[in-house]
Each structure stands twice: as structure tokens, then as C-alpha cells.
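Me: I have a structure to go through with you. Let me show it, and then I will ask about it piece by piece.

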Amino acid sequence: MAPPNRPSERETDPARAQRWDPARYAEHGRFVADLAGPLVALLAPRPDDEILDLGCGDGALTASIAPRCRRIVGVDASPDQVQAARALGLDARVADGHALPFDSEFDAIVTNAALHWMTRPDDAIDGMWRALRPGGRVAGEMGGAGNVARISGALVDALGRRGIDGESRFPWYFPTPSAYRRKLAARGFEVTEMALVERPTTLPGDISGWLETFAEPFLGAVAADRRPAMIAEVRDALEPVLYRPGTGWVADYVRLRFLAVKPRAAEG
Ligand code: BEZ
């Protein structure tokens, strides 16, 4: 097996890091787990399954699956989120999704809104492969090509007006269905489902809450006392396109949803 690629500056520079505050996430990100119905249907948990939740966050989705399987383990790179998941009584562990520490332990992996934060996708796929027993499956949902394009465009523009290259701070990996299918197949997975789904998503509050919760790699480019002005500017730019009177703020989400199987005859 090839060693994991080296982390990029994006991953190691603290000013580009995404930090997760469980209280803020509960306020502005609860919809992420609430909208996971189609993903859980694809996973179709079985009573005997041992399942890994890759990128479990605060454990809301993990907890909803737990009664439907024998065992579920959540992993997340954020110690604060893992602590929140443990407070729900879950087996949750801190782990880097680029270097999963499991070897043929699970029948299934579920991963929701996490893989797009892993900018070395081959390493993430390799870790999922190793974590699964032969015959195991991955049910995944992540941002796909075009996801939050309006929002990220407004952030890049706002940084550009400040003389900062916002594109270089783009923190996400949003692949096309064909590109991600190729990567899974290259590792040996049989891809049985792969769909790009536009899912405009009504936010629970103002878009500024979403920006503060999810867009830290962009906001970290400016001094803390200048961030409120930048957020207000991005909000103003997005209002004509993402604010719907009577509905509220609707984010331009595009999901990539897939099911991939590690063949029974597979080794490693
Ligand atoms: C997403 O779930 O698609 C997403 C969440 C936060 C930032 C970017 C994308």
C-alpha cells in the first residue's frame, strides 16, 4: 500500500483551518443530519452490521443509526465534536479520515458531508477500503461538483477585493460523479450507485450563521476584527440570489450520493 500523501499547506496552516464548535454546529448545522434520510436508506443498516461513521461530527446521525445495527463507531478529526458525540453515549474516536486506523473491522461505512473536507481523496478511499471486510459497503454523501458555488464565489470575490487569493484557500473537494467513480473503482470498489443531486437547502437562520460555522478557511484570511464586515459584504452579495422572502436563506447545495461495495474476493 502506498503511504498517505503529505498534508498540504491548506491542511497544516492554522489560518486556513476549519474548527468546529459543537454549540454553533448544533444551531446552524443540525440540518446536515436531519437531511440524511436518503443516505440512510442507501446504507440500509442490518441488525448484524458493524458500521463505521466516517466524519461523525457531534454524533447526531450516528445516534440515529445505532438502534438499527449491532455496533457503530464514529470517527471525526475534531476532538470537540468527538466529545459531543461521546456525551450521547456513542463510541466516538478522534481520527484523521486520510489515515483511518482500521483493518477489516466493519461491514459498512456511512459518511455524510465529510468526504469533501478530505482533500486527499485517494487516501480517504484507501482507508475506507482497509476498514471494510470483503463484501462490505460504503454509503456516502458529500458535496459534488457545483456545490455551494454561489457562496464560495462570493467569498472568493470578497477576499479578492482585499487583495487576497481566495481560490487558493478553497478548502473543499467537490468531485463530479465520473471522477469519484473512477477513484473508487481504481481502488477496487464496485460502484453500484452514483448520483449528483441538486438539493437547495433551507438554512435554519441567517446565511451569516452558515458562513461563521462552515467557511472559516476563507474567513481566517482576514483579521478577526474585520471578519464581521466581510461577512456582511458576502451576505449582501448573496441576498438577491439565495434569499427567498417567506422561505428564508436557501443554500445552493449539490450532493454526490453513492454506494460502493468491496468485492467478497478482495484482499487487503
Ligand atoms: C456540504 O455539506 O456540502 C458543505 C458543508 C459545509 C461547507 C461546504 C459544503
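Me: Is P263 buried or exposed in this model?
Reply: The model is predicted, so the value is computed from predicted coordinates. P263 sits in the segment after β10 (254-261). Its relative accessibility is 19%. The cut-off for buried is under 20%, so P263 counts as buried.

Me: Which residues is P263 in contact with, leaving aside its neighbours within four places in sequence?
Reply: One partner region can be placed by C-alpha distance. P263 and F189 are 74 residues apart in sequence, yet 6.8 Å apart in space, C-alpha to C-alpha. Leaving aside the neighbours within four places, the contacts of P263 are W129, P134, G135, G188 and E190.

Me: W129 also belongs to α7. How many residues of helix α7 (residues 121-131) are buried?
Reply: The helix is mostly covered. Its buried residues are P121, D123, A124, I125, D126, G127, M128, W129, R130 and A131. Out of eleven residues in α7, the buried number is ten.

Me: What covers the buried residues of α7?
Reply: The cover includes strands and a helix. Among the charged names under it are D123, D126 and R130. The covering elements include β1 (50-54), β4 (106-112), β5 (132-143) and α9 (177-187).

Me: Which residue in the loop between β4 and α7 has a positive phi although it is not a glycine?
Reply: Most residues other than glycine have a negative phi. The exception here has a phi of about 55°. At 19% relative accessibility, this residue counts as buried. It is A113.

Me: What is the phi of V148?
Reply: V148 is found in the loop between β5 and α8 (149-160). At 2% relative accessibility, V148 counts as buried. Its phi is positive, in a residue other than glycine. The value is near 40°.

Me: How do α8 and α12 lie relative to each other: parallel, antiparallel, perpendicular or oblique?
Reply: The two helices pack with their axes 9 Å apart. Their angle is about 140°. Roughly antiparallel needs over 145 degrees, and roughly perpendicular runs from 65 to 115. The helices α8 and α12 are therefore oblique.

Me: How many nonpolar residues does the contact of α8 with α12 have?
Reply: From α8 come R150, I151, A154, L155, A158 and L159. From α12 come M230, E233, V234, A237, L238, V241 and L242. By class there are no polar and two charged residues. The nonpolar count is eleven.

Me: In which sense does α10 pass α12, left-handed or right-handed?
Reply: The axes of helix α10 (residues 207-214) and helix α12 (residues 227-242) come within 10 Å. They cross at roughly 125°. That makes α10 oblique to α12. The crossing is right-handed.

Me: How many charged residues are in the contact of α10 with α12?
Reply: I207, S208, L211 and E212 in α10 meet I231, V234, R235 and L238 in α12. Five residues of the contact are nonpolar and one is polar. The charged residues number two.

Me: Now the rings. What kind of pair do W20 and Y25 form?
Reply: The structure holds 19 aromatic pairs. In the pair of W20 and Y25, the ring centres lie 5.8 Å apart and the planes stand at 80°. Planes over 60 degrees apart count as edge-to-face. So the pair of W20 and Y25 is edge-to-face.

Me: What are the relative accessible areas of W20 and Y25?
Reply: Buried means under 20%. Both residues fall on that side: W20 is buried, and Y25 counts as buried. The values are 17% for W20 and 12% for Y25.

Me: How many residues apart are Y25 and F214?
Reply: The rings of Y25 and F214 have their centres 6.0 Å apart and planes at 80°, so this pair is edge-to-face. Y25 lies in helix α2 (residues 22-28), and F214 lies in helix α10. F214 counts as buried, at 7% relative accessibility. The pair links distant parts of the chain, with a separation of 189 residues.

Me: Which residues do the ring pairs link into a cluster with W20, Y25 and F214?
Reply: W20, Y25 and F214 are themselves members of the cluster. The others linked with them are F31, W117, F170, W172, F174, W210, F218 and Y253.

Technical notes: Residues numbered from 1 in each chain as written. Predicted model: local features only at pLDDT ≥ 70, side-chain atom pairs only at ≥ 80, totals over all residues. Heavy atoms only, no water. Axes fitted to C-alpha atoms, helices over the stretch in contact; angles between N-to-C directions. Helix = DSSP H or I, 4+ residues; strand = E, 2+ residues; numbered from the N terminus. Parallel < 35°, antiparallel > 145°, perpendicular 65-115°, else oblique. Left-handed = near helix turned anticlockwise from the far one by under 90°. Contact = heavy atoms within 4.5 Å. Buried < 20%, exposed > 50% of the residue type's maximum accessible area, 1.4 Å probe, protein only. Phe/Tyr/Trp six-rings, centres within 6.5 Å; stacked < 30°, edge-to-face > 60°.
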